[in-house]
Amino acid sequence: MTQVRKAIIPVAGFGTRLLPISKAIPKEMVPVVDRPLIQHVVEEALAAGINEIILVTRSGKSAIEDHFDAHAELEDSLASKGKDALLEVLAAIAPPQLRITSVRQPNAKGLGHAVFCAAHLLSQNEPFAVILPDVLVKPQAGDARCDLGDMVMRWDANSAAQIMVEAVPENEVYRYGIVDCGGSEPNAGESADMRGVVEKPKPEEAPSRLSVIGRYVLPFRVMELLSDQSPGAGNEIQLTDAIDRLMQEGHSVQAFRMTGRTFDCGHIEGWLKANTVLAREAGYDV
């Protein structure tokens, strides 16, 4: 199987940067304009042609699964009152082609461990996407292009793993994982071969200004590498370590430079910006 049909979305984090908002509700259920953050991310996957979502979750996160489940009592009440427009809104949350599966991450051991928790839900040699829900990736205003969909098409064309990146100011590279493309940076909407990733480099030591966004299209081999991956930074199982090993084996890994915009909703400032910008673009007076 070579087509990407499944996306793994890790949702087991505590969301400490959104406290106190995230104390009693999952951070993924925090609203951005008119829908929770997780719905924006699932809609992005669907736009990319990915219809099977694997949520890597933990206790206390059932509201995420409930959001995509049917609510017969509410739907019957709306139907009896003739509120067809609201019924359509509910139906759009989980369209017929969407399939959602949940798996538990019993202990927080890093992103690589969270991703590996879903390994048994993939077929042998099945590629997959990883979407980190803290960051919203939206097209430029007036543009319908889906960057994740372009990554999937590039995988379909050449079976090269795809890592989404965007340029950041030079004085901010120390905050991110920065990709090394050997000095050959891709244009927006294009990919370039990667040599590695440098975590939070000093500006003078950074190989580029292209930071990893939190969108990946990966071969099944990554799961096999994660199965015996040693702990890395923070004494956790790191996805980037497995991707580095993938490159060492000679597998092609490319940095895909996005055309759209990102909103880091994992912290208050980014969440407020997302709500303000996207609400105005949707026609709300804010």
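Which element supplies the largest share of the lining of the second largest pocket? That would be α4, with four residues. Keep in mind that this is a predicted model. Here's a quick tour of its pockets, its one cavity, its 16 salt bridges and its cysteines, which form zero disulfides.

**The largest pocket**

- The largest pocket holds about 1900 Å³ of space.
- Its lining takes in 50 residues, and Arg 17, Leu 111, Leu 132, Asp 134 and Val 135 are the ones closest to the centre.
- Several elements chip in at least two lining residues each: the helices α5 (111–116), α8 (239–248) and α9 (268–281), plus the strands β12 (210–218) and β14 (261–264).
- β12 gives the largest share of this lining, with five residues.
- Sorted by class, the lining has 18 nonpolar, 15 polar and 17 charged residues.

**The second largest pocket**

- Back to the pocket from the opening question: the second largest one has about 220 Å³ of space.
- From the stretch just ahead of α3 (72–80) and on into that helix, you'll want to look at His 67, Phe 68, Asp 69, Ala 70, His 71, Leu 74 and Glu 75, which are among the lining residues.
- Leu 87, Leu 90, Ala 91, Ile 93 and Ala 94 are also part of the lining.
- Both α3 (72–80) and α4 (84–93) supply at least two residues here, and α4 has the largest share with four.
- By class, this lining splits into eight nonpolar, two polar and two charged residues.

**The cavity**

- How many cavities of 30 Å³ or more turn up? The count comes to one.
- That largest cavity has about 30 Å³ of space.
- Around the cavity sit Ile 163, Met 194, Val 197, Val 212, Tyr 216, Thr 240 and Ile 243.
- Two elements, β12 and α8, each put at least two residues into the cavity lining, and both also help line the largest pocket.
- Six of the cavity's lining residues are nonpolar and one is polar, with no charged residues.

**Salt bridges**

- In total there are 16 salt bridges, and a few of them are worth clicking on.
- Arg 17 pairs with Asp 264, with 3.8 Å between the closest N and O atoms.
- This pair links distant parts of the chain, 247 residues apart: Arg 17 sits in the loop between β1 (6–10) and β2 (31–32), while Asp 264 is in strand β14.
- Both partners are partly exposed, Arg 17 at 44% relative accessible area and Asp 264 at 27%.
- The Arg 17 to Asp 264 bridge doesn't stand alone: Arg 17, Lys 27, Asp 134 and Asp 264 are linked in a network of salt bridges.
- Two members of that network, Arg 17 and Asp 134, also turn up among the residues closest to the centre of the largest pocket.
- Glu 281 and Arg 261 make another bridge, and their closest N and O atoms are 2.6 Å apart.
- Because Glu 281 lies in helix α9 and Arg 261 in strand β14, this pair ties together parts that are 20 residues apart in sequence.
- Is each partner here buried or partly exposed? Glu 281 is partly exposed at 41%, whereas Arg 261 is buried at 16%.
- Arg 35 and Glu 43 also meet through their side chains, at 2.8 Å from N to O.
- In that pair, Arg 35 is partly exposed with a relative accessible area of 24%, and Glu 43 is partly exposed too, at 27%.

**Cysteines**

- Looking for disulfides? The structure has zero.
- Why doesn't Cys 146 form a bond? Its closest cysteine sulfur belongs to Cys 265 and is 17 Å away, which is too far, since a disulfide needs the two sulfurs within 2.5 Å.
- Cys 146 is buried, with a relative accessible area of 18%.
- Cys 181 is buried as well, at 8% relative accessible area.

Terms used. Residues are numbered from 1 along each chain as its sequence is written. This is a predicted model: local features need pLDDT of at least 70, side-chain atom pairs count only at pLDDT 80 or more; totals for chains, interfaces and linings use all residues. Side-chain values use heavy atoms; hydrogens and water are left out. Buried means under 20% relative accessible area, exposed over 50%, partly exposed in between (1.4 Å probe, protein chains only). On a 1 Å grid over the protein atoms alone, a cavity is a set of points where a 1.4 Å probe fits but cannot get out, and a pocket is an open set with protein on both sides within 12 Å along at least five of seven lines; lining residues have an atom within 4 Å of a point. Grid points are joined across faces, edges and corners, and a volume is the space filled by probe spheres set on the points. Ala, Val, Leu, Ile, Met, Phe, Trp, Tyr, Cys and Pro count as nonpolar, Asp, Glu, Lys and Arg as charged, and the others, Gly among them, as polar. A salt bridge is a side-chain nitrogen of Lys or Arg within 4 Å of a carboxyl oxygen of Asp or Glu.
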